[in-house]
Each structure stands twice: as structure tokens, then as C-alpha cells.
Amino acid sequence: VQLVESGGGLVQAGGSLRLSCAASGSTFSINTMGWDRQAPGKQRELVASITTGGGSVNYADAVKGRFTISRDNAKNTVYLQMNSLKPEDTAVYYCKADGYYIGSHYSSWGQGTQVTVSS
């Protein structure tokens with residue numbers, strides 16, 4: 001599975017951005033898609049995830065109420081709507097896909113997109 005992110009950029013605090021991630025390849029094998037982020041000098045952390053059917057959504061406490069993850073299975077695309085952005089949201093955001101292929105679990109990540117929030 002290959003993942004390509006788009007939509008990052010520079011925004012002022014309180015602003016909004018929408019990230020998109022398009023999956024290609026063996027997309028039928030994907031179970032969960034989501035977003036991780038990594039700020040300079042910090043460990044990579046989960047931001048949000050959503051299952052194929054959209055029945056299960058998970059958010060990091062730091063983004064609850066501000067970020068919304070959604071998924072368009074017909075387009076094999078996942079979105080992250082980020083509102084009320086804060087400087088501490090500055091990070092490289094990575095799209096992630098988890099699934100099973102020929103009985104084995106796998107995780108794939110995109111190349112990352114930079115999000116910078118100025119104060």
C-alpha cells in the first residue's frame with residue numbers, strides 16, 4: 001500500500017487546515033487509516049485513526065474537539081480536518097495504514113507533510 005499526503009502548510013494560531021491522504025495498491029487489505037505526527041525532538045504520536053467502516057474513531061486527547069478524521073472508501077482517501085490550531089500542533093504529519101495481507105499484519109506510512117502553526 002502506498003500513501004500520498006497533501007494539504008500541509010503554514011497557518012496562524014486559531015486557523016484551520018485540511019490534510020488528505022490517498023492510498024493506492026492493495027487497498028482492499030486496509031483495515032485502519034489514520035494520522036501520526038512528530039514534532040522536533042519528540043516521539044511520533046498518534047493523532048487520529050478510523051476503521052474501514054468508519055465505525056471506530058480514535059483521537060489523541062490533545063486534539064479532541066478540534067480535529068476530525070473522515071474517510072472516503074470509494075476514493076481510498078482519509079482526511080484530517082484541523083481547526084483551532086495551536087503552535088503545539090506544529091509537526092510533520094504522517095498518514096498511516098494498517099491491515100492484513102496474506103495473513104500478516106502490516107503498517108505503511110506516507111512521506112509526511114509539514115504543518116506549522118505560528119503564534
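## Pairing of strand E1

Strand E1 (residues 2-6) and strand E3 (residues 17-24) are joined by five bridges and run antiparallel to each other. The model is a predicted one. Two of the bridge partners can be named: Gln2 is matched with Ser24 of E3, and Ser6 is matched with Ser20 of E3.

The two faces of E1 differ in cover. Leu3 and Glu5 lie on the covered face, while Gln2, Val4 and Ser6 lie on the uncovered one. Gln2 and Ser6 of the uncovered face thus recur in the pairing with E3, Gln2 having Ser24 as its partner and Ser6 having Ser20.

## The four-stranded sheet

The pairing of E1 with E3 belongs to an open sheet of four strands, ordered E1-E3-E8-E7, with antiparallel pairing. The edge positions are taken by E1 and E7; each has a single partner strand, so one side of each lacks a neighbour in the sheet. On average, neighbouring strands of this sheet are turned by 15 degrees against each other, direction ignored.

## Nonpolar core

The largest nonpolar core holds 28 residues, and the members that touch the most others are Met33, Trp35, Leu80, Met82 and Tyr93. Two or more core residues come from each of E3, strand E4 (30-38), strand E5 (45-51), strand E7 (67-72), strand E8 (77-82), strand E9 (91-101) and strand E11 (113-118). In soluble globular proteins, nonpolar side chains tend to be buried together.

Three of the sheet strands, E3, E7 and E8, appear in that list of contributors. Strand E8 covers residues 77-82, a range that includes Leu80 and Met82 of the core. Strand E4 spans 30-38 and includes Met33 and Trp35, and strand E9 spans 91-101 and includes Tyr93.

## Overall fold and dimensions

The protein has eleven strands and zero helices. From the N terminus on, the order of elements is β-β-β-β-β-β-β-β-β-β-β. Among contacts with a separation of 6 or more, 53% are between residues 24 or more positions apart.

The C-alpha trace spans about 45 × 25 × 25 Å along its principal axes. A compact globule of 119 residues would have a radius of gyration near 14 Å, and the value for the protein, 14 Å, agrees with this. Of the 119 residues, 43% count as buried. The protein exposes about 6100 Å², of which carbon and sulfur atoms supply 48%.

Note on methods. Residues numbered from 1 in each chain as written. Predicted model: local features only at pLDDT ≥ 70, side-chain atom pairs only at ≥ 80, totals over all residues. Heavy atoms only, no water. Buried < 20%, exposed > 50% of the residue type's maximum accessible area, 1.4 Å probe, protein only. Pairing = 2+ DSSP bridges. Core = buried A, V, L, I, M, F, W, Y, C linked by side-chain atoms within 4.5 Å. Axes fitted to C-alpha atoms, helices over the stretch in contact; angles between N-to-C directions. Rg over C-alpha atoms; globule rule 2.2 N^0.38 Å. Contact = heavy atoms within 4.5 Å. Areas by Shrake-Rupley, 256 points an atom, 1.4 Å probe, with all protein chains shown as cover.
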